[in-house]
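Here are a few notes to read alongside the structure. Have a look at it, then go through the points in order.

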Amino acid sequence: MLVEVAIVMIALGLLLGFVGAGGSGFIIAILTVVFGYPIHTALGTALAAMFFSSFSGSVSHYREGNMVLKTGFIVGAAGAAGAWISSGWSSFIPEDRLGWMTSGMLFASGLALWFRMAIISRKKATTHEPETVVQSTGGSGWTYWLLALLIGLITGGLSGLFGIGSTPFIQIGLMMVLGMPMRYAAGTTMLVIIPIALAGGAGYFTIGYLDLQLLLAVVIGTMIGSYIGAKFTKRVPSGILKTCMVITPMIGASILLL
């Protein structure tokens with residue numbers, strides 16, 4: 001079955017690479033509905049798989065200067081703590097209820113992604129903050145760092161409990177709560193997801209819900225497909241691309257409802 005999983009993940013990776021999404025929710029839906037894996041195992045596998053995609057993406061963003069390292073480390077550390085704790089909580093939730101809850105979070109993720117795009121469109125019409133201010137420390141004062149810790153704990157908790165990347169929620173928190181410009185929020189989010197995925201995946205592994213062979217098949221398939229799919233991103237109108245980005249997690253949620 002692992003060969004079939006890898007093949008399906010290549011096809012799924014084509015879509016995820018095209019829209020530039022992590023696709024953990026879609027992975028959860030395919031593993032549970034198509035291949036019949038328990039949802040707890042699917043959650044742990046999808047969450048752990050995000051580590052590899054986020055790591056490669058964060059290296060690229062770092063080289064482009066799109067990260068606020070200090071803020072990313074603080075939010076990521078808090079997120080790792082939240083993911084580690086909440087991954088253990090998921091074992092106490094019955095499979096049928098967890099499926100419904102994860103589906104609801106995927107719908108919310110799609111709405112958050114749409115909201116993030118609205119914020120970006122609005123910010124394009126305003127003057128951006130000077131880059132030197134953002135690159136220095138990323139913020140100052142105990143209030144700033146307390147909010148950063150809260151963003152990490154909340155989004156990390158969502159990731160660990162539901163196996164989702166929480167990317168739109170992290171970016172909205174960085175932009176709206178911490179006042180980070182969109183460019184830096186995108187790059188810093190990739191850095192934040194690394195410890196969240198690592199801690200959440202480790203949490204699921206300790207309670208026996210992470211299949212390493214399944215994880216390998218998912219990672220190989222999605223990486224191959226995403227690499228190919230990304231080449232089509234610039235070949236379609238931006239309106240179609242944005243629509244696909246929003247509905248992708250919602251399609252995964254709809255499949256999971258089955």
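1. Let's start with a single residue: is A148 buried or exposed? A148 has a relative accessible area of 0%, and the cut-off for buried is under 20%, so A148 counts as buried. Keep in mind that this is a predicted model.

2. Where does A148 sit, then? Look in helix α7, which covers residues 142-162. Once you set aside neighbours within four places in sequence, A148 is in contact with I74, V75 and L178. G79 is another residue to pick out here: 69 residues separate G79 from A148 along the chain, yet their C-alpha atoms are 9.8 Å apart.

3. Now zoom out to the whole chain. There are 11 helices and zero strands, so to read the order of elements from the N terminus you just repeat α: α-α-α-α-α-α-α-α-α-α-α. The protein chain has 258 residues, and 51% of them count as buried.

4. A word on contacts and surface. Take the contacts with a separation of 6 or more: 83% of them are between residues 24 or more positions apart. The accessible surface of the chain is about 12200 Å², and carbon and sulfur atoms account for 71% of that.

5. Next, the inside. The largest nonpolar core has 56 residues, and the members that touch the most others are V5, M9, L31 and V218. Helix α3 supplies the largest share of this core, with eight residues. To see one of those well-connected members in place, try V5: beyond its neighbours within four places in sequence, V5 is in contact with L31, F35, Y37, L214, A217 and V218.

6. Since α3 has come up, here is a check on its length. Helix α3 runs over residues 39-63, which is 25 residues, and at 1.5 Å a residue it should span 36 Å. The C-alpha atoms at its ends are 37 Å apart, so the two values agree. After α3 comes G65, with a positive phi near 75°.

7. Last, a loop residue. S90 lies in the loop between α4 (69-89) and α5 (95-124). Which side of the cut-off does S90 fall on, buried or exposed? Its relative accessibility is 0%, so S90 counts as buried. Leaving out residues up to four places away in sequence, S90 touches H40, L98, L161 and Y204.

Definitions and conventions. Residues numbered from 1 in each chain as written. Predicted model: local features only at pLDDT ≥ 70, side-chain atom pairs only at ≥ 80, totals over all residues. Heavy atoms only, no water. Helix = DSSP H or I, 4+ residues; strand = E, 2+ residues; numbered from the N terminus. Expected span 1.5 Å × (residues − 1). Buried < 20%, exposed > 50% of the residue type's maximum accessible area, 1.4 Å probe, protein only. Contact = heavy atoms within 4.5 Å. Core = buried A, V, L, I, M, F, W, Y, C linked by side-chain atoms within 4.5 Å. Areas by Shrake-Rupley, 256 points an atom, 1.4 Å probe, with all protein chains shown as cover.
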